[in-house]
Amino acid sequence: MSLSMSRLQRIIAILSFLQQKRRVTAEELALRFEVSQRTIYRDMQELFAAGLPLQATTGSGYLLGDQRQLAPISFSREQALAIFTARTLAGYKTSDATLRHLDDALQKIKAAATSQDKTLLEELENNTWQLDQLPAENRHRAFRFLEEIQTALASKHTLEIEYFPMQGQTQWRTVEPHSLFYNYQWHLLAWCRLRNDLRDFRVDRIRQLRVGVKFKARKTLPSLPDYLQSQNELGPQNHYIIQFTEEVANMLIETKYYYGWMAEKQLENGWVEMAFRNNSVEYMGRWCMYWLPKVRPVSPPELLTFINKQLAEKF
């Protein structure tokens, strides 16, 4: 039976989708590929006829069995470019280990690409740059536990972490991972057994980490979007721009992370400008006052007002 090209492409895409999922229903496939369930049934018959190790159960959907005999599905040019773009953008948002895995994946894609597509990818590699990558030592601190957290989140294992909160002393905590999200920095949302509540942990503030035991997911916890919405209702965090002399900036390699450090750049006058995200003007203001006169608070206005008021009262 001959297949139209559009149908052939859809069947290949269905096979790729089955390789990613444990089990999928005809209804899910119909919604994903925007066709009727009857069309999906016919497509699945083609896959059965091709001898693929498919299993079908009434009410439970389709399951792809032993996949070791299946040849890898090649990427289109657009998919290869999408992965290349993701690798470029990941340059300062993930760990060195993850970057190596992405590089390995790109090499495999290039190995299977046509000569024309190989030339295209190599040209892009030679002429695409990510200029605002974190220095290696900062990237190590910010992302060094990311893979362990991802694994624990997926496998439902507790984590024992030594954590330095924004205000307070370092503490060991046992947490149950709930969600992982990126908002200027990587954050782990987890149930904290010490506080008996959901807590937002910045990954770059984790000093040490150990994988614990299996746990059963709590069914009454809010979703990540609902949790973030509730936190926004408590009051958004402020963005701070603060300039330091180079001498002080070199002394803040450790402590700047505890104040919500996001990024920094070298200024032509020898000063270093840093960006922070924090929800306490007083906390940031008193920290700035400690470094006077080797600090220049730039924004927000509330920070300058607080510092000027404190200095007026003091002197």
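Start by selecting strand 8 (residues 238–245) and strand 10 (271–278). Strand 8 and strand 10 run antiparallel and are joined by 8 bridges. Strands are DSSP runs of E, at least two residues long, and helices are runs of H or I, at least four, numbered from the N terminus. Two strands count as paired if DSSP finds at least two bridges between them. This is a predicted model, where local features need pLDDT of at least 70, side-chain atom pairs count only at pLDDT 80 or more, and totals for chains, interfaces and linings use all residues. Residues are numbered from 1 along each chain as its sequence is written, and side-chain values use heavy atoms, leaving out hydrogens and water.

Pick Tyr240: its bridge partner in strand 10 is Phe276.

Stay on strand 10. Of its 8 residues, 8 are buried (under 20% relative accessible area, 1.4 Å probe, protein chains only). Trp271, Glu273, Ala275 and Arg277 point one way, while Val272, Met274, Phe276 and Asn278 point the other.

Next, add strand 9 (261–266). Strand 9 pairs with strand 10 in the antiparallel sense over 5 bridges. Lys265 stands opposite Glu273. The two strands form a hairpin with 4 residues between them. Click Gly270 in the turn: its phi is positive, about 90 degrees.

Now show strand 11 (295–299). It pairs with strand 8 over 4 bridges. Gln243 has Arg296 as its bridge partner.

Zoom out. The 4 strands form an open sheet in the order 9-10-8-11. Strand 9 and strand 11 are the edges.

Finish with helix 11 (residues 281–291), which touches strand 8, strand 10 and strand 11. Contact means heavy atoms within 4.5 Å.

Note on methods:
Axes are lines fitted to C-alpha atoms, for helices over the stretch in contact, and angles run from 0 to 180 degrees between N-to-C directions. Buried means under 20% relative accessible area, exposed over 50%, partly exposed in between (1.4 Å probe, protein chains only).
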